[in-house]
Amino acid sequence: MLIESVELRELRLPLVSPFTTSFSTQTERNTLVLRVAGSVPTPNGRVDVVGWGECVALGEPLYSPEYIDGAKRMIQLYLLPMLARVQAEGREVTAETVGALLEKVVGHRMAKAAIEMAVLDAELRARGESFARYFGATRTRVPAGVSVGIQPSVDALLGAVGGYLDEGYVRIKLKIQPGWDLAPVAAVREQFGDEVLLQVDANAAYTLADAQHLRRLDDYGLLLIEQPLAEDDLVQHAKLATAMSTPICLDESIESAKDAADAITLGAASVINIKPGRVGGYLEAKRIHDLSRAHGVAVWCGGMLETGLGRAANAALAALDGFSLPGDISASDRFYTEDITEPFVLRDGHIDVPQGPGLGVEPILENLARVTHDTQEVWPA
Ligand SMILES: O=C(O)CCC(=O)N[C@@H](C(=O)O)c1ccccc1
């Protein structure tokens, strides 16, 4: 692709209800969307294309070190100028090379992932190929899990969970933290029975000293416990895995295929939550899927409250065979009254995988304008 312009939009989408995790309470999703325009070579000559990317960093560095303002600066001051220099040398940027071309910058995976996603979208739209087909996905719809934040009371939690089950969600994920773990899990089991697919996510809120307490979760038949310990505690997660029978799933700890290999080798994870933005892009996400599958480790697609753009790409990725557990790929209305794309809707507990070229969706410009807080043209002159 020869990039000719890049528009960087900071968005602010109000959430339908506060979303509380062990590290924050969000009432809006502050996010970053890229629109990359340029041309790609085809057998019949160059074709003008546009591609869309989404950066999953949060407004503040509370989930990971990246945050929206930092990602904006990283994209504008470092990453895009590096690609512009590649083009100035007469070379084209392709989705398969973006990661390598940006490797000199350490970290900033979410910022890099947004650029790669936009370039991949542009290339695939030009080829008339969907993300799903490009990944080699086999399914046309994926089962939808839903993430339930920490609630003000157990009654409120039971109301929320009941509502999502009534909507048809096939898997419930409860956010937990010290002081809000055994009671909510026991109440959900008591109210909705043992058949409901149920898992918990601690977002690194515990330490190994909590092992005996966490072991009591084994009584509730959970699918997994996600990221109980700190993101850099692989050895301690491996120790915790020997102290409890509930499978350990890692999220924040896995930022690359190498991390996934380390975690599997150490026995720190028997399930991996793949979030394309966290690992530097959809190509690395696919590599982690392939690696995990080779080791018989189940993966599922995590969510970062993406707009319909990221949701479309996540649904395509989650349609790969190795994604054997329901992902956090909920309907748009789980978080938003109005998405920036046509909304993703739940049908029989599933989300349809877009089949159109590229992402298969694109922003509805008036919706995008309504939630745009700031727009910058950032391709180096
Ligand atoms: O369905 C979704 O998009 C949200 C899923 C979810 O709970 N994401 C969590 C997580 O830790 O996995 C998260 C929420 C907010 C910010 C970062 C991460």
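**A walk from the strands to the ligand**

Strand 5, helix 5 (residues 154–167) and strand 6 form a right-handed β-α-β unit. Keep in mind as you look around that this is a predicted model. The two strands of that unit run parallel, and 4 bridges join strand 5 (residues 145–148) to strand 6. If you want a spot to find the pairing by eye, look at V146, whose bridge partner in strand 6 is I172.

Now carry on along the chain. Strand 6, helix 6 (residues 182–192) and strand 7 make another right-handed β-α-β unit. Here 5 bridges hold strand 6 to strand 7 (residues 197–201), and this pair runs parallel too. For a landmark on this side, K173 stands opposite Q199 in strand 7.

So how well covered is strand 6? Of its 5 residues (171–175), 5 are buried, so the strand is largely enclosed by the rest of the structure. In a regular strand, side chains alternate between the two faces of the sheet. Both faces of strand 6 are covered: R171, K173 and K175 are buried on one side, and I172 and L174 are buried on the other.

K175 also brings us to the ligand. It is among the closest of the 20 residues that surround the ligand, along with S147, N203, K275 and L305. Some polar contacts are worth picking out. A polar side-chain atom of K275 sits 2.8 Å from a ligand oxygen atom, and one of D251 lies 3.4 Å from an oxygen atom of the ligand. G303 joins in through its backbone, with a polar atom 3.0 Å from a nitrogen atom of the ligand. On its own the ligand has 430 Å² of accessible area, and the protein covers 100% of that.

Further along comes helix 11 (residues 308–318). Is this helix enclosed or exposed? It is largely enclosed by the rest of the structure, because 11 of its 11 residues are buried. Those buried residues include R311 and N314 as well as L309 and L317.

Finally, the cysteines. A disulfide is a covalent bond between the sulfur atoms of two cysteines. How many disulfides does the structure hold? The count is 0. The closest cysteine sulfur to that of C55 is in C301, and at 16 Å it is too far for a bond. C249 is in no disulfide either, with the sulfur of C301 again the nearest, 12 Å away. As for their surroundings, C55 is buried, with a relative accessible area of 0%, and C249 also counts as buried, at 0% relative accessibility.

Key. Residues are numbered from 1 along each chain as its sequence is written. This is a predicted model: local features need pLDDT of at least 70, side-chain atom pairs count only at pLDDT 80 or more; totals for chains, interfaces and linings use all residues. Side-chain values use heavy atoms; hydrogens and water are left out. Buried means under 20% relative accessible area, exposed over 50%, partly exposed in between (1.4 Å probe, protein chains only). A disulfide is a pair of cysteine sulfur atoms within 2.5 Å. Two strands pair if DSSP finds at least two bridges between them. A crossover is right-handed if, with the strands pointing away from the viewer, the path from the first strand over the helix to the second runs clockwise. A residue is near a molecule or strand if one of its heavy atoms lies within 4 Å of it. A polar contact is a pair of N or O atoms within 3.5 Å; within protein, one must be able to donate a hydrogen and the other to accept it, and residues adjacent in sequence count only if both atoms are side-chain atoms. Accessible areas come from the Shrake-Rupley method with a 1.4 Å probe; for residues, only the protein chains shown count as cover.
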